[in-house]
Amino acid sequence: MNYDLIKVGVEPDLQYECIITTINDEGVKNAGAFSFRYLGDDRVFCRIFEGSKTLKNIQNTHEYVVNITQDPLVFTYATLDCLSDEYYTDDSDIAIIKNTPAYIIVDVENIEKKTPDDFPIQGNNNIFFITGKIRKFTINDENANAYNRGLSGLIEGLVNFERYKIVDDEKRKEYMDRLIENKRVIDKVSDEKTKKAMADLKAEYDKN
């Protein structure tokens with residue numbers, strides 16, 4: 001089945017930030033902030049490092065939920081592993097964030113372990129590539145929109161642009177280093193419009 005995820009701003013093969021929720025064999029719910037990619041048709045993909053509760057639950061249950069939200073508290077508490085029960089729906093057999101603008105229930109089809117030798121990363125932990133099939137796609141808010149972090153990097157560069165022209169050399173280097181890192185992220189995860197905007201901005205930085 002094909003799913004029209006563009007309704008929530010999700011384009012194939014781009015990376016979006018979300019809250020992945022899982023449940024363990026004892027019914028304890030867990031949330032973590034991760035990114036995911038829509039592969040087209042009914043397939044989604046995510047990468048999760050070894051050692052997380054999310055990975056362990058996915059390995060045991062072979063399912064997870066992509067919660068599409070831009071709630072700053074949900075992102076923070078999920079990252080800090082302290083999202084309380086009040087944030088979840090009353091469902092006893094699946095973990096879904098209450099009032100989330102949209103969510104995708106995923107049935108896991110393949111879990112592939114990648115070692116640091118296979119996948120260049122900093123650190124020694126393995127990373128797992130997880131491919132799954134969409135079981136259900138629900139929109140609770142017609143204004144739901146998945147978050148692509150490239151836009152934040154672009155906005156930061158725009159905010160710093162006028163400052164860049166008037167600060168000293170040390171601060172200019174700091175701003176340029178941030179811009180270069182944000183451009184790297186945008187080139188990796190964002191759409192063509194955001195990539196062009198950042199390229200144009202970088203060209204203006206280079207003139208000053």
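**Exercise 1. Is the crossing of α3 and α4 left-handed or right-handed?**

Before the solution, some ground rules are useful. This is a predicted model, in which local features need pLDDT of at least 70 and side-chain atom pairs count only at pLDDT 80 or more, while totals for chains, interfaces and linings use all residues. Residues are numbered from 1 along each chain as its sequence is written, and side-chain values use heavy atoms, with hydrogens and water left out.

Solution. Helices (H or I, at least four residues) and strands (E, at least two) are DSSP runs numbered from the N terminus. Axes are lines fitted to C-alpha atoms, for helices over the stretch in contact, and angles between N-to-C directions run from 0 to 180 degrees. With their axes 9 Å apart, α3 and α4 pack at an angle of about 155 degrees. That makes α3 roughly antiparallel to α4, a term for angles over 145 degrees. The crossing of α3 and α4 is left-handed, meaning that the near helix is turned anticlockwise from the far one by less than a right angle.

**Exercise 2. Describe the residues through which α3 and α4 meet, and the burial of α3.**

Solution. Start with the contact, which means heavy atoms within 4.5 Å. On the α3 side, G150, G153, L154, E156, G157, N160, R163 and Y164 take part, and they meet R172, Y175, M176, R178, L179, N182, I186 and V189 in α4. The residues of this contact of α3 with α4 divide into 7 nonpolar, 5 polar and 4 charged, where Ala, Val, Leu, Ile, Met, Phe, Trp, Tyr, Cys and Pro count as nonpolar, Asp, Glu, Lys and Arg as charged, and the others, Gly among them, as polar.

Turn next to burial, where buried means under 20% relative accessible area, exposed over 50% and partly exposed in between, with a 1.4 Å probe and protein chains only. The buried residues of α3 include G150, L154, F161 and Y164, and what covers the buried residues of α3 includes α4 and α5.

**Exercise 3. Work out how α4 is placed against α5.**

Solution. Helix α4 spans residues 169-189 and helix α5 spans residues 192-207; their axes come within 10 Å and cross at roughly 160 degrees. α4 and α5 are therefore roughly antiparallel to each other, and α4 passes α5 in a left-handed crossing. The contact is made by residues including M176, L179 and I186 of α4 and M198, L201 and Y205 of α5. Its residues divide into 8 nonpolar, 2 polar and 5 charged.

**Exercise 4. Compare the surroundings of F128 and T138, and then place T76.**

Solution. F128 lies in strand β6, which covers residues 127-139, and T138 is found in strand β6. At 8% relative accessibility, F128 counts as buried, and T138 is buried with a relative accessible area of 15%. Not counting residues up to four places away in sequence, F128 touches C46, R47, I48, E50, L55, Q59, I111, E112 and K113, whereas T138, under that exclusion, touches P101, A102 and Y103.

T76 lies in helix α2, residues 72-79, and counts as partly exposed at 38% relative accessibility.

**Exercise 5. Set these details within the whole chain.**

Solution. The protein chain has 5 helices and 6 strands, and of its 208 residues, 44% count as buried. Among contacts between residues at least 6 apart in sequence, 68% join residues at least 24 apart.

Conventions:
Parallel < 35°, antiparallel > 145°, perpendicular 65-115°, else oblique.
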